[in-house]
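Here are some short exercises to work through with a structure open beside you. Try each task on your own before reading its solution.

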Amino acid sequence: MKKPDNILIIGIGNNGRQDDGLGWEFLDFLDEKNATINLEYRYQLQIEDADLISEYDRVIFVDATKEKTDNGFYLKPCNPSEKHSFSTHALNPETILHLCQNLYNKQPKASVLGIEGYEWDLQIGLSNKGYSNLEKAKKYFKDTVLIDYL
């Protein structure tokens with residue numbers, strides 16, 4: 001059920017692959033805080049998500065990243081792009097925005113929160129360093145981005 005605030009946060013990942021679950025863990029944190037924000041869990045983004053995000057003014061995609069970050073995470077704007085991979089089973093946030101814009105003539109303000117991860121084996125549970133980065137991202141969001149929603 002859609003909550004009144006027109007913000008959607010999509011957590012991308014798989015908690016059965018260690019730090020790949022960082023996006024879901026971030027959503028669990030927001031859910032526990034009873035945030036008045038719409039939350040969606042995804043293993044991967046798919047074409048249908050363009051329809052989903054067309055209903056929102058703001059979208060934040062949260063995912064684990066293998067990129068080296070300055071503070072254990074980054075928050076950056078997400079702009080539409082036609083980039084796509086060989087398979088349409090896994091699309092990046094920029095492609096979903098592009099589809100949303102072209103199919104539904106809507107372009108929500110979008111950002112990507114990338115939380116640096118380190119371990120990707122078939123195992124439940126975050127690595128110690130991944131967990132530490134998650135805590136940094138949660139604190140940042142709680143203190144700045146989501147202060148009015150928690």
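The exercises below concern a predicted model, and each one comes with a worked solution.

**Exercise 1. Backbone angles**

Task: Find where glutamine 18 is placed, and decide whether glutamine 18 is buried or exposed.

Solution:
- Start with the backbone: glutamine 18 is not a glycine, yet its phi is positive, at about 50°.
- Next, locate the residue. Glutamine 18 sits in the loop that runs between strand E1 (7-12) and helix H1 (22-32).
- Finally, check the surface. The relative accessible area of glutamine 18 is 8%, and buried means under 20%, so glutamine 18 is buried.

**Exercise 2. Another positive phi**

Task: Work out in which loop asparagine 105 lies and whether asparagine 105 is buried or exposed.

Solution:
- Asparagine 105 has a phi near 55°, which is positive in a residue other than glycine.
- Its loop is the one between helix H3 (93-104) and strand E5 (109-116).
- With a relative accessible area of 70% and a cut-off for exposed of over 50%, asparagine 105 is therefore exposed.

**Exercise 3. Looking for disulfides**

Task: How many disulfides does the count come to, and why does cysteine 78 have no bond to cysteine 100?

Solution:
- Take the criterion: a disulfide needs a pair of cysteine sulfur atoms within 2.5 Å.
- Apply it to cysteine 78. The closest cysteine sulfur belongs to cysteine 100 and is 11 Å away, so the separation is too far for a bond.
- Turn to the partner: cysteine 100 is in no disulfide, and its nearest cysteine sulfur is that of cysteine 78.
- The count by this rule is zero disulfides.
- Now look at accessibility. Cysteine 78 is buried at 4%, and cysteine 100 is buried at 0%.

**Exercise 4. A charged patch**

Task: Name the residues that form a negative surface patch, then place aspartate 28.

Solution:
- The negative surface patch is made by Glu25, Asp28, Asp31 and Glu32.
- Aspartate 28 belongs to helix H1.
- The relative accessibility of aspartate 28 is 30%, so aspartate 28 counts as partly exposed.

**Exercise 5. A residue in a strand**

Task: Which strand holds serine 111, and what separates its C-alpha atom from that of proline 93?

Solution:
- Serine 111 is placed in strand E5.
- Its relative accessible area is 8%, so serine 111 is buried.
- Along the chain, serine 111 and proline 93 are 18 residues apart, while their C-alpha atoms are separated by 8.8 Å.

Note on methods
Residues are numbered from 1 along each chain as its sequence is written. This is a predicted model: local features need pLDDT of at least 70, side-chain atom pairs count only at pLDDT 80 or more; totals for chains, interfaces and linings use all residues. Side-chain values use heavy atoms; hydrogens and water are left out. Helices (H or I, at least four residues) and strands (E, at least two) are DSSP runs, numbered from the N terminus. Buried means under 20% relative accessible area, exposed over 50%, partly exposed in between (1.4 Å probe, protein chains only). Patches are made of residues with over 30% relative accessible area and no salt bridge: like charges are joined within 9 Å, nonpolar side chains (Val, Leu, Ile, Met, Phe, Trp, Tyr) within 5 Å. Accessible areas come from the Shrake-Rupley method with a 1.4 Å probe; for residues, only the protein chains shown count as cover. A salt bridge is a side-chain nitrogen of Lys or Arg within 4 Å of a carboxyl oxygen of Asp or Glu. Lys and Arg count as positive and Asp and Glu as negative; His and the chain ends are not counted. The place of a charge is taken as NZ of Lys, CZ of Arg, CG of Asp or CD of Glu.
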